[in-house]
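This report walks through selected residues, a nonpolar core and a pocket. The sequence and structure come first.

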Amino acid sequence: MLLEALSSYPYEGLTKELLALGMSWVVMDAGVEPDEEELADTLEGALNSLGNRMKIHTSKMGKNDRSSFDKVLKVWFGRSAPETYGELFELVVTETIKLIRDGNIDPSESLSTIKTDKNGTYLGVAYNGEQAILPAIIKQPEYYEHQSGFLSPTTGQKAQIRMDPLWFSFMALGFFTGFAGFIGGKYYLITKPGIEGFWPYEVEEIIEKGILPLTGAGASGRISLSTEELYEMKLAMKLAEEGRDVIEEVYPVTLHLISLEGQVYTELKTTQLNLVGLSEYMTEYVKRIESSSIGGLHLLVELKEGNATVRKYPLWALVDIAEKELWKGVNGDGEMLAYIFVKDLYRAINSGRKELIRDAVFRLFRQGRALLEGSGRASGEFRKVMRTFMWQEHLGVLL
């Protein structure tokens, strides 16, 4: 039932990836052919598992979405539209579970009903005569970035998708599963295209030991994207310091960066991520730093952040400086030494060749020594980090 429904969805892109993530929660516990009771129970279980994510801040709905959903939710559930998209998604799933348990929705009919005409695409059966439009944060990125076949402007077909409560619930659960933060006015969503290929037996590991640790680290660390290298480095660092293991089978995953540009949500970036090599390196780095601390040697660097003093792993601090270099630029005849090194190390680690890692580290050490002993211009923070970074003991950790 679920596999047929997803395969009948006529487009590729973000919406399909979110629907597949949402359906995966049902497949994990009830397989691809759940009955009504199993469907309601698994949707409720998904809500409970994702509970903390539904409290994370999301943007307020735009005027058009709010007006549209206010009308639909009153017809569906007798409820008014909430303020934010996160509240909207939680409300729809919660109320849809009640409809299923009360026998007001026929899941088989809903999932087997997909229609497309010149006015758009319709998923499921109109409930009380109404279907909900796809929210702007999902619809507009696909429309304006031309990721889906239905968006071709010459066909005369409207780029509009409408869903009944069940289809909308799957999309909402997929959103919470892939949600890696709302940071600086931008949504970060991590998906696994083709996840249905892991149904039904392997999907639990992909979700529980793959997608959720990744998105959880992104959200809790409030990791934003300046460059792909720095984003992947910081995500791998967060996973390592929190001791989160991510299975290799989940990779590659897709990062969607969505931002409100003017009055329109736009997909600023779509890129594939594979953190296998980086995660292995960062995990070993953390273990070695902690082992040295147990032996009485402290390799952390103390820095000021506002009025607080924080202690960071030297590599973590250098990545932070690299990001600052990108945002602020470098004045005078200075170079982006931190960013150049981090980029070199990123490439060396992903190559899997130890000699490249060694060459990158030695190159930074030469440049760092010239900076500290000469008259080169650099911030006090960079100099302090480099003094710790260049300890012989830390060299051993890096290599």
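## T388 in helix α15

Setting aside neighbours within four places in sequence, T388 is in contact with L299, L300, V301, P314 and H394. The model is predicted. T388 sits in helix α15, which covers residues 380-389. Its relative accessible area is 9%. T388 is therefore buried, as the cut-off is under 20%.

H394 also appears among the contacts of L315.

## L315 and the nonpolar core

L315 touches M237, Y281, M282, Y285, F341, L345, F389 and H394, with residues up to four places away in sequence not counted. L315 is one of the residues with the most contacts inside the largest nonpolar core. The others named there are F89, F170, Y231 and F341. This core has 140 residues. Helix α2, residues 14-30, gives the most to the core, with 11 residues.

In soluble globular proteins, nonpolar side chains tend to be buried together.

## I190 in strand β6

Where does I190 lie? Its place is in strand β6, residues 186-191. I190 has 0% relative accessibility, so I190 counts as buried. Leaving aside neighbours within four places in sequence, I190 is in contact with L21, G178, A180, I211, T215, Y231, L235, V253, T254, L255 and L273. Of these contacts, Y231 is also among the residues with the most contacts inside the largest nonpolar core.

T283 is 93 residues from I190 in sequence. The two are 22 Å apart in space, C-alpha to C-alpha.

## Q140 in helix α7

Helix α7, residues 136-145, holds Q140. Is Q140 buried or exposed? Q140 counts as buried because its relative accessibility is 16%, and the cut-off for buried is under 20%.

Q140 touches Q263, V264 and Y265, not counting residues up to four places away in sequence. A polar atom of the Q140 side chain lies 2.6 Å from the backbone nitrogen of Y265.

## The second largest pocket

Rolling a probe the size of a water molecule over the atoms shows where empty space is left. The second largest pocket has a volume of about 350 Å³. Its lining has 16 residues; the closest to the pocket centre are Y281, K354, I357, L398 and L399. Four elements give two or more residues to this lining: α11 (276-294), α13 (337-351), α14 (354-373) and α16 (392-398). Helix α11 supplies the largest share, 6 residues.

What is the lining made of, by class? It has 8 nonpolar, 2 polar and 6 charged residues. Y281, one of the residues closest to the pocket centre, is also touched by L315.

Terms used:
Residues are numbered from 1 along each chain as its sequence is written. This is a predicted model: local features need pLDDT of at least 70, side-chain atom pairs count only at pLDDT 80 or more; totals for chains, interfaces and linings use all residues. Side-chain values use heavy atoms; hydrogens and water are left out. On a 1 Å grid over the protein atoms alone, a cavity is a set of points where a 1.4 Å probe fits but cannot get out, and a pocket is an open set with protein on both sides within 12 Å along at least five of seven lines; lining residues have an atom within 4 Å of a point. Grid points are joined across faces, edges and corners, and a volume is the space filled by probe spheres set on the points. Ala, Val, Leu, Ile, Met, Phe, Trp, Tyr, Cys and Pro count as nonpolar, Asp, Glu, Lys and Arg as charged, and the others, Gly among them, as polar. A nonpolar core is a set of buried Ala, Val, Leu, Ile, Met, Phe, Trp, Tyr and Cys residues joined through side-chain atoms within 4.5 Å. Buried means under 20% relative accessible area, exposed over 50%, partly exposed in between (1.4 Å probe, protein chains only). Contact means heavy atoms within 4.5 Å. A polar contact is a pair of N or O atoms within 3.5 Å; within protein, one must be able to donate a hydrogen and the other to accept it, and residues adjacent in sequence count only if both atoms are side-chain atoms.
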